[in-house]
Structures are given as C-alpha cells and as structure tokens.
Amino acid sequence: MAAAASSPSPPAVITCRAAVAWGPGQALVMEDVEVAPPGPLEIRVKVVSTSICRSDVTQWQSTAQPDLFPRIFGHEASGVVESVGEGVTEFQVGDHALIVFIGECMSCKHCVSGKSNMCQTLGLERKGVMHSDQTTRFSIGGKPVYHYCAVSSFSEYAVVHSGCAVKVSPTMPMDRICLLSCGASAGLGAAWNVADVSKGSSVVIFGLGTVGLSVAQGAKLRGASKIIGVDTNPAKQEKGKAFGVTDFINPAELNEPVQQVVKRLTDGGADYSFECVGDTGVVLTALQSCSDGWGLTVTLGVPKAKPEVSAHYGLLLSGRTLKGSLFGGWRPKTDIPLLVEKYANKEIQVDGLVTHDMPFSDINKALELMLQNRCLRCVIHMPK
Ligand SMILES: NC(=O)c1ccc[n+]([C@@H]2O[C@H](COP(=O)([O-])OP(=O)(O)OC[C@H]3O[C@@H](n4cnc5c(N)ncnc54)[C@H](O)[C@@H]3O)[C@@H](O)[C@H]2O)c1
Ligand SMILES: [Zn+2]
Ligand SMILES: [Zn+2]
C-alpha cells in the first residue's frame, strides 16, 4: 500500500524579538515574545519594514487604556507571509504584503456598499486583541501582550487577519511602500476620495507631517491652484514646497488669528481645509478658514487630548461641511493595489517622506525623533 502523502506540519509558536511598551510613554524594551500560530483566516507575517506614525506615538503616550499594557505598537508595515491559518486561500507562504490597520471582509454592509471603508467585521480594533476571538497572539511567559490596531509591527513576527493584508509584488521596495499602509495613503485619500479636490481650487492644510504633505501632493495632482500649508515648525516650509505647498504660514509668527490670514489669501476662505495635526482646537480653526457657502473641512488627526470638537453653529449654518476620514476612505484590498501601482509608475512620491532609516534596535531613537518633531517618517528595518 502506498504511504499517504504527508501534509505539511502545522505552524508552531515562534519566539522572536519585539519592542514592548510596558506602560504609557515608557521606553520600549526588546523582549523575547511568543507569537502564536495564525488562527482561522489569519496569516503570520515576518515583518520587513515598519515606519512610525504619529498615531503610534499618541497611543503609546496615552494613559486612557492602562490595562492594555504590555503592548506592541506599530501599524505602518510590510512583510512576508511566514504561515497561513485555516481557510486562507488568498495568501501563500512567501507572499509579500502590506499590513493595514483596517480590513475589508468583502461581505458586510459597508464592504458591499462601495462607499465606505468602515468594515463592520475588521474595522479599527481598539481593545488590543484580534478581531476574530478577542484574544492576543503575543505572550511573554504565557501572559498576554496586547496588540495595537490588530497589527503590532514593532515585532519580528506579527499575526494579522488576512482581510487586513494586501498582496504586493515582490519587486516593490518594502521599506518605502510601508508608508502606503497608513500615513501617505490617508493624506492622498483625504484629498481625492473624501474632499474630491477640484482643479483651480484653494486648499489649506494644518500640519505638514507625512499626512499633511500627502494631502498637499493629492491636491497638487488634482490641479489645486493655491495650497496653503500651516505649521508651527518653520522647517516644514521647504519640505512643503516639494509636495506642492504654494504658501506657508507659521501661526507662531503671527499677531493675528491664522484663519484671518487664510481668508485674505483666498478671498474669503479656502474651498477645502484639512486638519492633519491631531488637535480639536485646530479643527475649529480649519472650519473657520474655509469658505462659507461650500467650504469643506476634512479632519484626519487623532487628538492627544480633548476629543470633543466644538464650533459655533453659525459656521455650519452658513454652508460649511465638516467630515472626517480614516485611511483616506481607501478600502485596503480594493484600492491599495492601485496606489502601489501609482508608486511603481512614479505618479505619486513616497520616498521623500522618509527622513530616517534605522535598524530595529534603534526604535527608541526613532520614537525620540518623533517626540522632538525632527522627522517625517523613520523607517525601521527589521533583522533579515
Ligand atoms: N485619519 C487617519 O487615517 C490617520 C492616519 C495617519 C495619521 N493620522 C493622524 O494624523 C495626524 C498627523 O499625522 P502625521 O504622522 O503626519 O504627524 P506628524 O507629527 O508627523 O505631523 C504633524 C505636524 O503638525 C505640526 N503641528 C503641531 N501643532 C500644530 C499647530 N498647532 N498648528 C499647525 N501645525 C502644527 C507639527 O509641526 C507637524 O509638522 C496625527 O494626529 C495622526 O495621529 C490619522
Ligand atoms: Zn497611522
Ligand atoms: Zn466588511
């Protein structure tokens, strides 16, 4: 009798290095972490590159969820599939992928609507666990280590839901396209999908970090004629020019409210304004800076403090609209391959958003640069 073909052995627990936050704002500690095999419809990824987004820093410093430590942050990442869980047909071991902090199940009300990226099954995960079973895949000595946005890329290996990963060509540079899994895409999408910036229009962008500069790039590619960048860091003036910013305002140097200057520059208010700082006070300024009648404010920032937005109702009665967006409205699986293709064809620039490349062992230095506002994106290169 012929021997039965041996099936590949199921994936085992991996022990690898991860940068663990033991408490809010505490320096990350390199620990040996156990990473469980992927569950049904999950994949385990060997992280290749992860850049640091401001949202990682805000959440790491936040004292709002003290029970979710120890925790592994990181959500702007690329990697190679190491193993696949039961029922995964879309990915094979060795596939290159971007990992995204929101997923697309393809079957819920939002996914089939064609007009939303707020998947009901794989939406933004806020409890530090995996979507499918509300437990963690990371542990140290058997004790859970919490996830961030169900990604947690500050680890050599990470388990993610296959619906939160996007297959990419192995010819793409993993250490640059990782920015497309959050900041760069969020800004481009805010300009294109959410605001739908029109040719010849005026735009004002508050905050010229990776997100704001990507809004500027998106507005420029749409043919906006005036793109005003507002940033308290004077170094952002030069950087802004490279992404299409035509006028720069440093609010710290003004002796009048910034919205007054914007109104002067735009004959009464910009057609579109974008909040890319993470400050609800700036959301109000952005709303005050756009035109009555049709002005649209898109808020992207994640506030560090005071989550409530307050504005005089008259700003809305006079015809302004306030909208928000996560990940620029992009549906990861449906839309991100198109952005990767635009990057490959040099139709969008991403490389200019990377100011630092660092080894994983230097991740605390990268966080320090973010805290001091001395970088755009620091790309962390994981050990080979
Ligand atoms: N909605 C989303 O999908 C999404 C995605 C990524 C990041 N974010 C959020 O967007 C925001 C921007 O992210 P980033 O990675 O570009 O951050 P960043 O820290 O690199 O950039 C923020 C910029 O704002 C400037 N700034 C600070 N205070 C200011 C003020 N009062 N007025 C004007 N400028 C000011 C800083 O100098 C800096 O240049 C953060 O809140 C982040 O959490 C949201
Ligand atoms: Zn992000
Ligand atoms: Zn869905």
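These exercises work through the fold, one residue, the ligand shell and the annotated domains of a predicted model.

Residues are numbered from 1 along each chain as its sequence is written, chains are lettered from A, and ligands are numbered from 1, in the order in which they are written. In this predicted model, local features need pLDDT of at least 70, side-chain atom pairs count only at pLDDT 80 or more, and totals for chains, interfaces and linings use all residues.

**Exercise 1. Describe the overall build of the chain.**

Step 1. Count the elements. The chain has 11 helices and 17 strands. Helices (H or I, at least four residues) and strands (E, at least two) are DSSP runs, numbered from the N terminus.

Step 2. Check compactness. The radius of gyration is 21 Å, close to the 21 Å of the globule rule for 384 residues, so the chain is as compact as a globular protein of that length. The radius is taken over C-alpha atoms, and the rule is 2.2 Å times the number of residues to the power 0.38.

Step 3. Look at contacts. Two residues are in contact if their C-beta atoms, placed from the backbone, lie within 7 Å. Among contacts between residues at least 6 apart in sequence, 69% join residues at least 24 apart.

**Exercise 2. Is R176 buried or exposed, and what does R176 contact?**

Step 1. Locate R176. It is in helix 3 (residues 174-177).

Step 2. Apply the cut-offs. Buried means 20 or more other C-beta atoms within 10 Å of the residue's own, exposed means 12 or fewer, and partly exposed lies in between; C-beta atoms are placed from the backbone. R176 has 21 C-beta neighbours inside 10 Å, so R176 counts as buried. Of the 384 residues of the chain, 49% count as buried.

Step 3. List the partners. Leaving aside neighbours within four places in sequence, R176 contacts V350, D351 and V354.

**Exercise 3. Which parts of the chain surround ligand 1?**

Step 1. Count the shell. It holds 32 residues, and the closest are R54, G207, G209, V211 and G278. A residue is near a molecule if its C-beta atom, placed from the backbone, lies within 6 Å of it.

Step 2. Name the elements. Helix 1 (54-61), helix 4 (183-194) and helix 5 (210-221) each give two or more residues.

**Exercise 4. Find the secondary structure content of the two annotated domains.**

Step 1. UniProt (unreviewed entry) lists "Alcohol dehydrogenase-like N-terminal" at residues 40-168. That span is 10% helix and 29% strand.

Step 2. The UniProt annotation "Alcohol dehydrogenase-like C-terminal" (unreviewed entry) covers residues 211-338. This span is 38% helix and 16% strand. UniProt positions follow the numbering used here, feature names are shortened, and annotations may be inferred rather than shown by experiment.
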